[in-house]
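Q: I am new to this structure and would like a close look at a single part of the picture, the charged side chains of the protein chain. Please take me through them carefully, and then set them against the fold and the overall form of the chain.

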Amino acid sequence: CERAKRRLSAAAKTTIPLRGAGIDHGAEVTRTQFEAATEGLVQATRTTVETALDDAGLTWDKLDRVVLVGGPTH
């Protein structure tokens, strides 16, 4: 899934290899499907950042750069 997420940064769709009961299969996922599935997580992240900015007395236009850390930032 991690590779698929990275591939979807540049491609419109990708296939996630699956294996179950000794059978190999692939599930195609489009960027649109991925964005829909992660929309809630992205919004939660945005809300957290907006809260941090508000607590610091800042607005988005006052940021020069953002340092991203952790797996989802790839």
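A: The protein chain carries 10 positive and 10 negative side chains, and the centres of these two sets lie 10 Å apart. These values come from a predicted model, in which the mean pLDDT of the protein chain is 90 and 95% of its residues reach 70 or more.

The charges sit on a chain that has 2 helices and 2 strands, and from the N terminus on these elements follow the order α-β-β-α. The radius of gyration of the protein chain is 17 Å, well over the 11 Å that the globule rule gives for 74 residues, so the chain is more spread out than a compact globule. In terms of extent, the C-alpha atoms fill a box of roughly 55 × 20 × 20 Å along the principal axes.

As for the surface, 11% of the 74 residues count as buried, while the accessible surface of the protein chain comes to about 6200 Å², with 57% of that area belonging to carbon and sulfur atoms. Turning to contacts between residues at least 6 apart in sequence, 17% of them join residues that are at least 24 apart.

Confidence can also be followed element by element: helix 1, which covers residues 2-7, has the lowest mean pLDDT among the elements, at 90, whereas strand 2, covering residues 23-30, has the highest, at 95. As a general caution, predicted coordinates should not be read in detail where pLDDT is low.

Terms used:
Residues are numbered from 1 along each chain as its sequence is written. This is a predicted model: local features need pLDDT of at least 70, side-chain atom pairs count only at pLDDT 80 or more; totals for chains, interfaces and linings use all residues. Side-chain values use heavy atoms; hydrogens and water are left out. pLDDT is the predictor's confidence in each residue, from 0 to 100. Helices (H or I, at least four residues) and strands (E, at least two) are DSSP runs, numbered from the N terminus. The radius of gyration is taken over C-alpha atoms; the globule rule is 2.2 Å times the number of residues to the power 0.38. Buried means under 20% relative accessible area, exposed over 50%, partly exposed in between (1.4 Å probe, protein chains only). Contact means heavy atoms within 4.5 Å. Accessible areas come from the Shrake-Rupley method with a 1.4 Å probe; for residues, only the protein chains shown count as cover. Lys and Arg count as positive and Asp and Glu as negative; His and the chain ends are not counted. The place of a charge is taken as NZ of Lys, CZ of Arg, CG of Asp or CD of Glu.
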